Amino acid sequence: MERIVVLTGAGISAESGLQTFRDSDGLWNKYRFEDLASPQAWARDPELVLDFYNMRRKKLFEVEPNAAHYAIVKLEEKYDVQIITQNVDDLHERAGSSRVLHLHGELKKARSTVDETLVYELDSWELKMGDKCEKGSQLRPHIVWFGEMVPMIEPAAQISSTADIFIVVGTSMVVYPAAGLIGYAGNEIPKYYIDPKASHVGGISNLTVITKKAGEGVPELVKKLLSD
Ligand code: APR
């Protein structure tokens, strides 16, 4: 069975109603990530950081996967599909994808601040000061903040190197190491990039750029790949 690796970013969840980061209405055009998504921000004002992720988590409980998420699930009828996502939402899982690797963490999880192996599922949107792990330490969002290591990058690079087809959906490709994963895919394999503003990619062999929103571009590509 051929393997398809799909690298996704915030753009695949935009049509579900979740904000991206660098579009004109994006989160980093409204807030400074240095104040909300870094270890320094957490040390300076943990309640502000908790509020930021509570706001995003609350929204996540209100939205649904979109046609792009569901189309990727359909690919599993014919291919071994491995998703590598920069997103912290659970829309791929809720759409039914079976193999999802989160590079930047998961919004619906929290983790201990003294033992990072202690990770907990959150069943409601709110994580508060005073919510503690079993060792008595404050819980933090299970998110990879700017300046922190990306623990899943090695397995993600290994998976990318095994792709027979590599698809990129809805990412500005400006945040490393995630943006470098396409470089692990073989030069000779077909690669697809779906983004309405697909000006970010250059110098990539065998690349087909689909300048469309994910909700339209992904189902079209999936239909083609299922009929090949
Ligand atoms: N369909 C497809 N792509 C879209 C859509 C859509 N409906 N709407 C916007 N996009 C595209 C934008 O054109 C842009 O290229 O999605 C991309 C979103 O880029 P970013 O906002 O930079 O998001 P992303 O690439 O996922 O950011 C990477 O940065 O802040 C960190 O950790 C955060 O994981 C995030 C990382």
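**Exercise 1.** Decide whether Leu-27 is buried or exposed.

*Solution.* Step 1: recall the cut-offs, where buried means under 20% relative accessible area, exposed over 50%, and partly exposed in between, with a 1.4 Å probe and protein chains only. Step 2: Leu-27 has a relative accessible area of 2%, so Leu-27 is buried. Step 3: place the residue, which is found in helix α2 (residues 27-30). Helices (H or I, at least four residues) and strands (E, at least two) are DSSP runs, numbered from the N terminus. Step 4: list its contacts, a contact being heavy atoms within 4.5 Å. Leaving aside neighbours within four places in sequence, Leu-27 touches Gln-19, Thr-20, Phe-21, Phe-52, Met-55 and Arg-56.

*Note on the model.* The model is predicted: local features need pLDDT of at least 70, side-chain atom pairs count only at pLDDT 80 or more, and totals for chains, interfaces and linings use all residues. Residues are numbered from 1 along each chain as its sequence is written, and side-chain values use heavy atoms, with hydrogens and water left out.

**Exercise 2.** Classify His-142 and Tyr-176 by accessibility.

*Solution.* Step 1: His-142 has 18% relative accessibility, so it counts as buried. Step 2: His-142 lies in strand β6 (residues 139-143). Step 3: apart from neighbours within four places in sequence, its contacts are His-104, Gly-105, Glu-106, Lys-109, Ala-110, Arg-111 and Val-119. Step 4: Tyr-176 has a relative accessible area of 60% and is therefore exposed. Step 5: Tyr-176 is found in the loop between β7 and β8. Step 6: from Tyr-176 to Ala-71 there are 105 residues in sequence and 27 Å in space, C-alpha to C-alpha.

**Exercise 3.** Describe the open sheet formed by six strands, and state which strands stand at its edges.

*Solution.* Step 1: the strand order is β3-β2-β1-β7-β8-β9, and the pairing is parallel. Two strands pair if DSSP finds at least two bridges between them. Step 2: β3 (100-102) and β9 (207-210) are the edges; each has a single partner strand, so one side of each has no neighbour in the sheet. Step 3: from one strand to the next the twist averages 15°. Axes are lines fitted to C-alpha atoms, for helices over the stretch in contact, and angles run from 0 to 180 degrees between N-to-C directions. Step 4: take one pair, β1 (residues 3-8) and β2 (residues 80-85), which are joined in the parallel sense over six bridges. Leu-7 stands opposite Ile-84 in β2. Step 5: add helix α9 (residues 214-227), which packs on the sheet and touches β1, β7 (165-169), β8 (191-194) and β9. The direction of α9 makes about 155° with that of β8.

**Exercise 4.** Find how the protein chain is divided into domains.

*Solution.* Step 1: domain 1 covers 1-17 + 65-104 + 150-228, and domain 2 covers 19-62 + 106-143. These bounds come from an automatic or database domain assignment. Step 2: the centres of the two domains, taken over C-alpha atoms, are 25 Å apart. Step 3: the contact takes 16 residues from domain 1 and 13 residues from domain 2.

**Exercise 5.** Summarise the protein chain as a whole.

*Solution.* Step 1: the secondary structure comes to nine helices and nine strands. Step 2: buried residues make up 50% of the 228 residues. Step 3: the C-alpha trace spans about 55 × 35 × 30 Å along its principal axes.
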